[in-house]
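Here is a set of short questions on how labels are earned in a structural model. Each answer sets a value against its cut-off.

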Amino acid sequence: MSFKASLIKTAIKCTPDNMIKWVANSKLKGIAELSEFRFDLDNRRVFVEMTLYGETEVIEVNVDGFAIVSDGSAYRFIIQQGQANRPWL
């Protein structure tokens, strides 16, 4: 693993979940509110729980197996398997 990748991985692991929720909620203001966020970089798993404004039911999303691939000037987020409690998602 390169030094740059190792540094980024360490920074991601050290970022507190509350800070991630605060930044996400500031960006999603007026659209949704992030209430739960768990990120396991070693096992490539993510769990997100959010509520869309105007709705009462929480949306839960589980992602198992993901990768971020660089194509020179662009990045692609690849999901191996994902599940949500909403059929349209």
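Q: Why is glutamate 36 called partly exposed?
A: This is a predicted model, and its relative accessible area for glutamate 36 is 26%. Partly exposed lies between under 20%, which is buried, and over 50%, which is exposed. Glutamate 36 therefore counts as partly exposed.

Q: What makes the contact of glutamate 36 and arginine 38 a salt bridge?
A: The N to O distance between their side chains is 3.4 Å. The cut-off is within 4 Å, so the pair qualifies. Arginine 38 is partly exposed, with a relative accessible area of 45%.

Q: How many salt bridges does the structure hold?
A: It holds four. The pair of glutamate 36 and arginine 38 is one of them.

Q: What makes arginine 45 and aspartate 64 a salt bridge?
A: Their side chains meet at 3.4 Å, N to O. A salt bridge needs a distance within 4 Å, so this pair passes.

Q: Which parts of the chain does the pair of arginine 45 and aspartate 64 link?
A: Arginine 45 sits in strand β2 and aspartate 64 in strand β3. They are 19 residues apart, and the pair links distant parts of the chain.

Q: Are arginine 45 and aspartate 64 buried or exposed?
A: Arginine 45 has a relative accessible area of 47%, and aspartate 64 has 31%. Values between 20% and 50% are partly exposed, so that label goes to both residues.

Q: What makes arginine 86 and glutamate 55 a salt bridge?
A: The N to O distance is 2.9 Å. The limit is within 4 Å, so the pair counts.

Q: Why does the pair of arginine 86 and glutamate 55 tie together parts that are apart in sequence?
A: Arginine 86 lies in the segment after β4, and glutamate 55 lies in the loop between β2 and β3. The pair therefore joins parts that are 31 residues apart in sequence.

Q: Why is arginine 86 called buried while glutamate 55 is partly exposed?
A: Arginine 86 has a relative accessible area of 10%. Buried means under 20%, so the label fits arginine 86. Glutamate 55 has 35%, which puts it in the partly exposed range.

Q: Why does buried lysine 21 have no salt bridge?
A: The nearest side chain of opposite charge, glutamate 36, is 4.5 Å away. A salt bridge must be within 4 Å, so lysine 21 has none. Lysine 21 lies in helix α2, residues 17–27. Beyond four places in sequence, lysine 21 touches Leu34, Ser35, Glu36 and Phe37.

Q: Why does buried glutamate 49 have no salt bridge?
A: For glutamate 49, the nearest side chain of opposite charge is arginine 38, 6.7 Å away. That fails the test of within 4 Å, so no bridge is assigned to glutamate 49. Glutamate 49 belongs to strand β2, residues 45–52. Beyond four places in sequence, its contacts include Glu33, Glu36 and Glu60.

Q: What makes β1 and β4 edge strands?
A: Four strands form an open sheet in the order β1-β2-β3-β4, with antiparallel pairing. The strands β1 (32–40) and β4 (75–84) each pair on one side only. The twist averages 30 degrees from one strand to the next.

Q: How do you know that β3 and β4 pair?
A: Strand β3, residues 59–70, and β4 share nine bridges in the antiparallel sense. Pairing needs at least two bridges, so these strands pair. Serine 70 stands opposite tyrosine 75 in β4.

Q: Which residues make up the largest nonpolar core?
A: There are eight: Ala24, Leu34, Phe37, Leu41, Val46, Val48, Val63 and Phe66. Strands β1, β2 and β3 each supply at least two residues of this core. Valine 63, leaving aside neighbours within four places in sequence, is in contact with residues including Val46 and Ile79.

Q: Why is leucine 89 called exposed?
A: Its relative accessibility is 55%. Exposed means over 50%, so leucine 89 earns the label. Leucine 89 lies in the segment after β4. Leaving aside neighbours within four places in sequence, leucine 89 is in contact with Ile59, Val61 and Ala84.

Conventions:
Residues are numbered from 1 along each chain as its sequence is written. This is a predicted model: local features need pLDDT of at least 70, side-chain atom pairs count only at pLDDT 80 or more; totals for chains, interfaces and linings use all residues. Side-chain values use heavy atoms; hydrogens and water are left out. Buried means under 20% relative accessible area, exposed over 50%, partly exposed in between (1.4 Å probe, protein chains only). Lys and Arg count as positive and Asp and Glu as negative; His and the chain ends are not counted. Contact means heavy atoms within 4.5 Å. Axes are lines fitted to C-alpha atoms, for helices over the stretch in contact, and angles run from 0 to 180 degrees between N-to-C directions. A nonpolar core is a set of buried Ala, Val, Leu, Ile, Met, Phe, Trp, Tyr and Cys residues joined through side-chain atoms within 4.5 Å.
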